[in-house]
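These are my notebook entries on a structure that was new to me. I wrote down what I looked up, in the order I looked it up.

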Amino acid sequence: MEKRYQVFISSTYKDLHDERQEVMQALLELDCIPSGMELFPAANATQWEIIKKVINDCDYYILILAGRYGSVDGDGFSYTEKEYDYAIEIGKPVLAFTHKDLGKIIADKTETTENGKDKLTKFREKVEKRLCKQWSTASELGSVVSRSMIQLIKANPGIGWVRGDEVSDVEATNEILALRKRIEELEKDLKDRNAEKQKEIEKLSKGEERVEIKFSFNAR
């Protein structure tokens, strides 16, 4: 049964357009399904509720962090940081990739305010407390993501998605396995019962033993 894993790509958008394209290409080459908010149309539900639902549906989560903190929600945190925290909270397997040298990023792709820089620094420090990898160029990022995803899938296989025409086969296989397990349970139960009966039989007379019978008899 062939599975395809869905991967949520989280990052700021305009400054990391090329990097996101490299990551998406790397995932497609691994037969994974890349997901990100730019791939989904606007809906009536709030943006944050849509994001959480998409993350829930994904098997893995990837964070790309460079020189910008990102668009801030009403609570003062960027959507990128909220996505990362939510993925950690629900136990989603996470891969984080941070830029090696923020000083080499062009000014147009970095935070311009002290508040933005401070929030980015704190977010980066939080991310780097967990296992993460670094990159310098978009092409390098694609290669690092590809290798990391292969290792992650082997170590922590996700649920994945299957083709619709394979679902019936999967259900039949699961039913067969369940029935086989039930048969094994019944066979074990029967074996245990026979063993108990054999112990009781061994307590009975074999025809050789002397037997004393007490009785009374009245007659007219």
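**Entry 1: K117.** I looked up K117 and found it partly exposed, with a relative accessible area of 39%. For this term I use three classes: buried is under 20% relative accessible area, exposed is over 50%, and partly exposed lies in between, with a 1.4 Å probe and protein chains only. K117 sits in helix α4, residues 114-128. I then checked K117 against R68: the two are 49 residues apart in sequence, and their C-alpha atoms are 7.9 Å apart in space.

I note the ground rules here. The model is predicted, local features need pLDDT of at least 70, side-chain atom pairs count only at pLDDT 80 or more, and totals for chains, interfaces and linings use all residues. Residues are numbered from 1 along each chain as its sequence is written, and side-chain values use heavy atoms, with hydrogens and water left out.

**Entry 2: the chain as a whole.** I listed six helices and five strands. Helices (H or I, at least four residues) and strands (E, at least two) are DSSP runs, numbered from the N terminus. Along the sequence I read the pattern β-α-β-α-β-α-β-α-β-α-α. The chain has 220 residues, and 33% of them count as buried.

**Entry 3: salt bridges.** How many salt bridges does a search of the whole structure find? I have 13 in my notes. A salt bridge here is a side-chain nitrogen of Lys or Arg within 4 Å of a carboxyl oxygen of Asp or Glu. Side chains of opposite charge can pair when their charged atoms come close.

I looked first at D57 and K53, which form a salt bridge with their closest N and O atoms 3.3 Å apart. D57 and K53 are four residues apart in helix α2, so about one helical turn separates them. D57 is partly exposed at 35% relative accessibility, whereas K53 is exposed, with a relative accessible area of 53%.

Next I took helix α6. The side chains of E185 and R182 meet in a salt bridge of 3.3 Å, N to O. Because E185 and R182 are three residues apart in helix α6, they are separated by about one helical turn. I have E185 as partly exposed at 37% and R182 as partly exposed at 46%.

I also entered D189 and R193, whose side chains meet in a salt bridge of 3.0 Å, N to O. D189 and R193 are four residues apart in helix α6, which means about one helical turn lies between them. D189 is partly exposed, with a relative accessible area of 35%, and R193 is exposed, at 52%. I then noted a network: salt bridges that share partners join D73, D75 and K82.

**Entry 4: the largest pocket.** I put its volume at about 420 Å³. On a 1 Å grid over the protein atoms alone, a pocket is an open set of points where a 1.4 Å probe fits, with protein on both sides within 12 Å along at least five of seven lines; lining residues have an atom within 4 Å of a point. The volume is the space filled by probe spheres set on the points, and grid points are joined across faces, edges and corners.

Of the 19 residues that line the largest pocket, I found S11, T12, Y13, S71 and T80 closest to its centre. The elements that give two or more residues to this lining are β1 (6-10), α2 (47-57) and α3 (79-89). I sorted the lining by class into six nonpolar, seven polar and six charged residues. Ala, Val, Leu, Ile, Met, Phe, Trp, Tyr, Cys and Pro count as nonpolar, Asp, Glu, Lys and Arg as charged, and the others, Gly among them, as polar.

**Entry 5: the second largest pocket.** This one holds about 250 Å³ of space. It is lined by 14 residues, and V94, L95, A96, L131 and C132 lie nearest its centre. Two or more lining residues come from each of α3, β4 (94-99) and α5 (138-155). Which element gives the largest share of this lining? I found β4, with four residues. By class I counted 10 nonpolar, two polar and two charged.

**Entry 6: a surface patch.** I closed with V211, I213, F215 and F217, which form a nonpolar patch on the surface with about 550 Å² of accessible area together. Patches are made of residues with over 30% relative accessible area and no salt bridge; nonpolar side chains (Val, Leu, Ile, Met, Phe, Trp, Tyr) are joined within 5 Å, and like charges within 9 Å. Accessible areas come from the Shrake-Rupley method with a 1.4 Å probe, and for residues only the protein chains shown count as cover. F217 lies in the segment after α6 (167-202), and F217 is exposed, with a relative accessible area of 68%.
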